[in-house]
Amino acid sequence: MTHKQIVTATINGELTEFLCEPHQSLLSCLRDVLSLTGAKEGCNDGNCGACSVILDGRLVNSCLVLGVEIEGREVTTVEGLAGWQALTPLQEAFVAYDALQCGYCTPGMLMAAKSLLDRHPNPTDGEIRAWLAGNLCRCTGYDKIIRAVRAVVPGTAVAPKTAEAPETADVLQTVLETASVDQVKEA
Amino acid sequence: MVEIKQNLIVVGSRPARVDAVDKVIGRASYATDVRLPGMLVGRVLRSPYAHARILSIDTGRAEKLPGVYGVVTAADLPPLEGDDAVGEKAFRDRELASDKVLYVGHPIAAVAARTPEIAQEALDLIRVEYDVLTPVVDVLAAMKADAPILHHDMRTRSLAGTGEKPTNVAAHFEQVKGDPGQGFAEADVIVDREFRNPMVHQCYLEPHSSTAVWSDNGGLTLYVTTQGTFSVRSHVVRLLRLSMSQVKVVPMEVGGAFGGKNSSYVDGVAAMLARKARRPVKVTMSRPETFMATGPNSGSVLRVKMGATRDGHLTAAEATLIYEAGAYPGSPVGSGSHVMFAPYQIPNGRLEGYDVVVNKPVVSSYRAPGATQACFVAEQVINELAGTLGFDPIEFRLLNSVKEGSETVDGTVHRHIGAIEVLQAAKASPHYTTPLEGPNRGRGVGHAFWGNWGACSSVTMTVNSDGTVSMVMGSVDITGTRTSIAMQAAETLGLPLDRVKCTMGDTDSIGYSDTSGGSRTTVATGHAAVKAAHDVIDKMRERAAQIWEVDVQAVVFDAGIFHVPDDLDKTLSFQALAELLPRTGNVVIGVGNVDVADWGSCFGTHIADVEVDPETGKVTLLRYTVVQDVGKAIHPMQVEGQLQGGATQGIGWALYEGYEFDAAGQMLNPTLLDYKIPTALDVPDIETILVEVPYPHHPFGARGVGENPIMPPPAAIAEAIYQAVGARVCDLPITPARILETLGII
């Protein structure tokens, strides 16, 4: 039997400590340990993109990253984009353009689009499609997703701000339930 | 016939869908997100063989593993009894095999454990002894006299009666119209071709998941991902012999379904495990399990023959449809034969269908079940006839199109259809009127009829004392119907949309509603919502009459205002009257429950432009347009989304998708890497043209829209490829290799 590891990382702007199995994926840590269920499991083998998160500024499939690998690093999930009151322009565009149906791919799609816009504030349609090709959507045919991303180009309204860390109470609750580690808030 | 409402304010507008914000902040709650105190993980042991007898199942070691709270097999089901023991045994064997496994992935046992790792270890400790039998995975091989038999009690059902020998052909039908022989004799051109397509999967991104918890008094609650909560309830009630009132099914957000979540796969097992473990249990499928052990669409073999005269009139059509049912009977072959020639006036015809069991997953519904391959083959032949006779493909279809009162080959009579309007709109579209230029490029057209569905829906509607309305519907929202149903209620009540909230009810809190399938929900549940709104209005008129001490007939409701004409003192807005309700006899609750028997069918025409690389066979979609009769678009943006999403799934059928099996019945590509579905790079922007020919039996004229758009893409794309490089490919998917083979290059 393996021993759980303590991992400390900045998740959605908050310094967070949690316990995980050495083999546990980041996706499972987010969902099953930290109750950040925004990232979804569609395939668990890196082919659907529903679990996309941003790790140190880079878009990753969180099912292909181990929880222990994020020690000392920064992770942004869909919950880190905005709180209730303030959607980012990208999220607003997804709502306004009806760029979702079932919504299961949406958290990953948003993180992929954010990652693109963070690097290339003024992408072409081809670049948008190429960048989002790792995120499968079975409902929309992509048309309205591409239009929504296009709507926040060019330039000015792009950079989604780092919103206040949401779900603090929920995370704390989960941590208390797992009864082994403390939530540490960044000074 | 109802009077269709005009001068609409809410219906036809494009508000943000009510579930959108939850979905963009990651807070929408799906079945896999359910977490209950003390919840265990359930996992299913599945057959590694496509065809085998089970000699014994030993769960002893698994049960003793620390952290395991329960193991179940078919032996844990209630004893078989009753008149239909054969049918019941088949139903139960699909859930947990008792004596025989019929496909790779067939469930045999399940465990509930504290962690996924322990659950997996427990599965590894279950010992199953098999007598491995020869499988049959090819549908034509399965029909042969000496084929391995899946079900020894199965006899072919047909109009001639029931067969005498064990067989894999579960059903056979034949329908004839006119004199096909004479019709072909009158034809100047006849095209006769054979087509094949493999099984394809709905590929909803969210795998099946079910969480079960029992109360001490025998009540079962299930949190599920499903298109129909009442379907899940019926399934579990039948499996575990419970009463309907013992079972509460709670619908969660659904992460895609497309017909594949009409069936129940893990709900029964979750309930059995939770009862045995006396703890909540969640069972979630992996992606390979979803491919191998849920219900794809039938693979099939189809032969089609059509004839036409030189002046472009169809004289006869014949088709033989052989559909794989998977391991148990019930393929959608009837649906395929119903729709394939339905867009055309054909005086003579014959349709013959076979429902055949093979050692593969049991097929289920997938968006216009059984129709996409039937449309593919009929429309390929129509395109070939049009080309051979020198007709423009849309002109050829217009010349032969069904009209009001036309009777199809299978005897269906078309009523209130928009077939001609759709074809004319396609012909006049910006896409079709723009010439396609350049080498190795081609354009193709596909055209489809789909019948849609009506059936049962229930809605209740409570008027709150602040003038807002809380409504509960029994339909599961899989495509934005909370919004489209609330819009129809708001329109009827004369309220802005933000005053009407629509929620999905669980099976304890709302009346029976059929599954959200058959493109029926916006239409049929819309009927129920409008009926409930009228019930609310009538009850509020009565209340106003009581307050004003006048006869109820004197109270008029118009544009959100209750008033007595010619008496200005007797006027109350909806909100003002709502505020008085609690003190004048309590709030008002409206009820609308309907069984919709009249619903509109729909037609769609698709136009595809492609470029084919003649060296590699790679197909690039350049431009794509969907034209469809939608009756009345309740929420035009959502309708566009249905058309775009449906077309993209059809594009997947056309170019990429298909199960591959080895001879032993093992699926070779059960991942989203090896089973490719369209990505954002594979499709262009998809243009939509909404044709609105109102359906006269719906309050707003709406027709179902969701299924039709999956049907035309394979034929449109196949024809475009033919026009581009001269390769007429008759098997799906149309891979680069198939194109190069057809061209004789490889």
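## Where the two chains meet

Let's start at the contact between the chains, which draws 43 residues from chain B and 43 residues from chain A. Keep in mind that this is a predicted model.

On the side of chain B that touches chain A, the elements giving two or more residues are α1 (20-24) and α17 of chain B. The top contributor there is α17(B), which gives the most, with seven residues. Sorted by class, that side of chain B has 21 nonpolar, 14 polar and eight charged residues.

## A four-stranded sheet in chain B

Chain B also has an open sheet of four strands, in the order β18-β26-β27-β28, and the pairing is mixed. At the edges you'll find β18 (441-450) and β28 (686-691) of chain B; each has a single partner strand, so one side of each is left without a neighbour in the sheet. Going from one strand to the next, the twist averages 15°.

Which way do β18(B) and β26 of chain B run relative to each other, parallel or antiparallel? They run antiparallel, and ten bridges join β18(B) to β26 (residues 602-612) of chain B. For a concrete pair, look at R441(B), whose bridge partner in β26(B) is E611(B).

## Helices packed on the sheet

Helix α13 (residues 419-427) of chain B packs on this sheet and touches β26, β27 (619-629) and β28 of chain B. The direction of α13(B) makes about 25° with that of β26(B).

Then there's α17 (residues 636-655) of chain B, which packs on the sheet as well, touching β26, β27 and β28 of chain B. The direction of α17(B) makes about 125° with that of β28(B). This is the helix from the chain contact, where α17(B) gives seven residues to the side that touches chain A.

Terms used: Residues are numbered from 1 along each chain as its sequence is written. Chains are lettered from A and ligands numbered from 1 in the order in which they are written. This is a predicted model: local features need pLDDT of at least 70, side-chain atom pairs count only at pLDDT 80 or more; totals for chains, interfaces and linings use all residues. Two strands pair if DSSP finds at least two bridges between them. Axes are lines fitted to C-alpha atoms, for helices over the stretch in contact, and angles run from 0 to 180 degrees between N-to-C directions. Two residues are in contact if their C-beta atoms, placed from the backbone, lie within 7 Å. Ala, Val, Leu, Ile, Met, Phe, Trp, Tyr, Cys and Pro count as nonpolar, Asp, Glu, Lys and Arg as charged, and the others, Gly among them, as polar.
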